[in-house]
Amino acid sequence: MNRTLHVIGAGLAGLACAVAGARAGWRVALHEAAPQAGGRCRSFRCDRLDRIIDNGTHLMLGANRHALSFATAIGGHETLEAVAPLFPFLDLASGRQWTLSPGKLTSGVWETASAMGLPWVRTGQTVASRLGGKRSFAALWQPLCEAMLNTQADDASAKLFGCVLRELLMGGKTAMRPFIARGGLSAAFAAPAIATLASYGAQVNFRRRLVVISDTALDFDDGEAIALSRHDRVVLALPPWAVAGLLSAVPHMPTRAIVNAHFRLDQSAALPGGQRFLGLTGGLAQWLFVRDDVASVTVSAADRLLDTTAEDLAQALWRDVAAPLGADPARLPPFRVLKERRATLAHTPKVVESRPGPATKMPFLWLAGDWMASPWPCTIEAAIASGLTAARLAIGRDDLSFA
Ligand SMILES: Cc1cc2nc3c(=O)[nH]c(=O)nc-3n(C[C@H](O)[C@H](O)[C@H](O)COP(=O)(O)OP(=O)(O)OC[C@H]3O[C@@H](n4cnc5c(N)ncnc54)[C@H](O)[C@@H]3O)c2cc1C
């Protein structure tokens, strides 16, 4: 039968959906507005640093089972480095250092038990309203909340935070093992996914933005109009603000920014203990990652920084991270600052409750994307799981998987 699965958007949700469809034997056409795949999870060549850098450093964990099995299915797993499940922290204000590990959360039995009970608290509660008074709030729950939910603790959903904690702490020995994209994000996901699609003969169109969808056709901004047959299926693997321009009744979903600064050092970067990253409290910088001679700094829930100039941000972040890197704080190296304004949803209780499912009113059309209802916040894991779910529904095969 002549039938095509059209996937709109080549972020990780769209790539996962397209690969699942192609592996199931469907003809697949993937349409992407940008000149490259990867969406919010991509690498590019930065001329200023003369290096391939990521739009933002992404950390995955062993509990991200869909993400890791997708990377394996497309052959990108070779570029993912599993590092020791140790999360070293440094408080920039006091110099205090500590390390979290799966069996050693520093919070004690009672605090950990109340955090693990968060999935069952009343709807509307925030992380700060449940854990704000606890002894370990500033050194543990607050930084974990901002890192995992990209939302400040006094705004962030306690239920969602509890769900992620349970996945990590009760998910077995490997759930908290961090994975880093050693060769860059695109080498781990976008490039091998596009190569996999090519091997199945799928059609991939870049620089093609969907502008109108109806029961009978897809209209793109390059003038292309694709007629839909009654056997065709369509998945919109787009963020909510893009879907809102195409379908009515998409709720407004507030977002949060992430700021990343990449510094090119004179030599290979090393952190105390040889770990690949360091959590920071008491300053502006929140996480410091090292890869060869590039040090990358992440600030989550960073909307307050969007109007600060790149130069000022680089200066302030370099002052925070120079010492742990053993470098001179007065000598700012070449840098690149990236502000992702809409990095993820704002995971407030209200937004988390309003995350939709994949079905739409049109029987041939499904949604995918990190913002779909999920036990995970907006992450690689949520995006890939949603793409697989949409493919299963669109082509009516609930046995599809990347395992
Ligand atoms: C700086 C930063 C750091 C992050 N850190 C982490 C992390 O450490 N760990 C983690 O797991 N996750 C992290 N995330 C989140 C993760 O990147 C996202 O959850 C995931 O990439 C979302 O994928 P997606 O496919 O749902 O959406 P997107 O990546 O937004 O993909 C949507 C695609 O659709 C395209 N598009 C839009 N409109 C149209 C249209 N009309 N027609 C055709 N194409 C269109 C876009 O160009 C885009 O390529 C981070 C995100 C950012 C920005």
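The exercises below work through the ligand site and the strand pairing of a predicted model.

**Exercise 1. Find which residues come nearest to the ligand, and give the distances of their polar side-chain atoms where these are known.**

Solution.
Step 1. Start with the shell: 34 residues stand around the ligand, and those that come nearest are Glu 32, Arg 40, His 58, Leu 59 and Asp 370.
Step 2. Look for N or O atoms within 3.5 Å of each other, the cut-off for a polar contact. Glu 32 has a polar side-chain atom 2.6 Å from an oxygen atom of the ligand. For Arg 40, an N or O atom of the side chain is 2.8 Å from a ligand oxygen atom. Asp 370 also places a polar side-chain atom 2.6 Å from an oxygen atom of the ligand.
Step 3. Turn to the cover. On its own the ligand has 1000 Å² of accessible area, and the protein covers 92% of it.

**Exercise 2. Describe what the shell around the ligand is made of, and explain why the ligand lies between two domains.**

Solution.
Step 1. Name the elements that give two or more residues to the shell: α1 (12–23), β15 (255–264), β19 (335–345) and α12 (380–395).
Step 2. Sort the shell residues by type: 16 are nonpolar, twelve are polar and six are charged.
Step 3. Check the domains. Residues of the shell come both from domain 1 (4–41 + 189–253 + 349–395) and from domain 3 (255–345), so the ligand lies between these domains.

**Exercise 3. Work out the strand order of the seven-stranded sheet and identify its edges.**

Solution.
Step 1. Write the order: β8-β7-β16-β17-β18-β15-β19, an open sheet with mixed pairing.
Step 2. Take the two ends of this order. β8 (97–100) and β19 are the edge strands, as each pairs on one side only.
Step 3. Add the twist, which averages 25° from one strand to the next.
Step 4. Examine one pair. β7 (residues 87–91) and β16 (residues 277–281) are parallel and share three bridges. Leu 90 has Leu 280 of β16 as its bridge partner.

**Exercise 4. Do the same for the five-stranded sheet, and say why its edge strands have a side without a neighbour.**

Solution.
Step 1. The order is β10-β2-β1-β14-β20, in an open sheet with parallel pairing.
Step 2. The edges are β10 (203–205) and β20 (365–368); each has a single partner strand, so one side of each has no neighbour in the sheet.
Step 3. From one strand to the next, the twist averages 15°.
Step 4. Inside the sheet, β1 (residues 4–8) runs parallel to β14 (residues 233–237), with four bridges between them. Leu 5 stands opposite Arg 233 of β14.

**Exercise 5. Which residue takes a positive phi in the hairpin of β3 and β4?**

Solution.
Step 1. Establish the pair: β3 (residues 43–46) and β4 (residues 51–54) run antiparallel and are joined by four bridges. Ser 43 is placed opposite Asp 54 in β4.
Step 2. Look between the strands, where the hairpin has four residues. Asp 50 takes the positive phi, near 55°.

How values were computed
Residues are numbered from 1 along each chain as its sequence is written. This is a predicted model: local features need pLDDT of at least 70, side-chain atom pairs count only at pLDDT 80 or more; totals for chains, interfaces and linings use all residues. Side-chain values use heavy atoms; hydrogens and water are left out. A residue is near a molecule or strand if one of its heavy atoms lies within 4 Å of it. A polar contact is a pair of N or O atoms within 3.5 Å; within protein, one must be able to donate a hydrogen and the other to accept it, and residues adjacent in sequence count only if both atoms are side-chain atoms. Accessible areas come from the Shrake-Rupley method with a 1.4 Å probe; for residues, only the protein chains shown count as cover. Ala, Val, Leu, Ile, Met, Phe, Trp, Tyr, Cys and Pro count as nonpolar, Asp, Glu, Lys and Arg as charged, and the others, Gly among them, as polar. Domain bounds come from an automatic or database domain assignment. Two strands pair if DSSP finds at least two bridges between them. Axes are lines fitted to C-alpha atoms, for helices over the stretch in contact, and angles run from 0 to 180 degrees between N-to-C directions.
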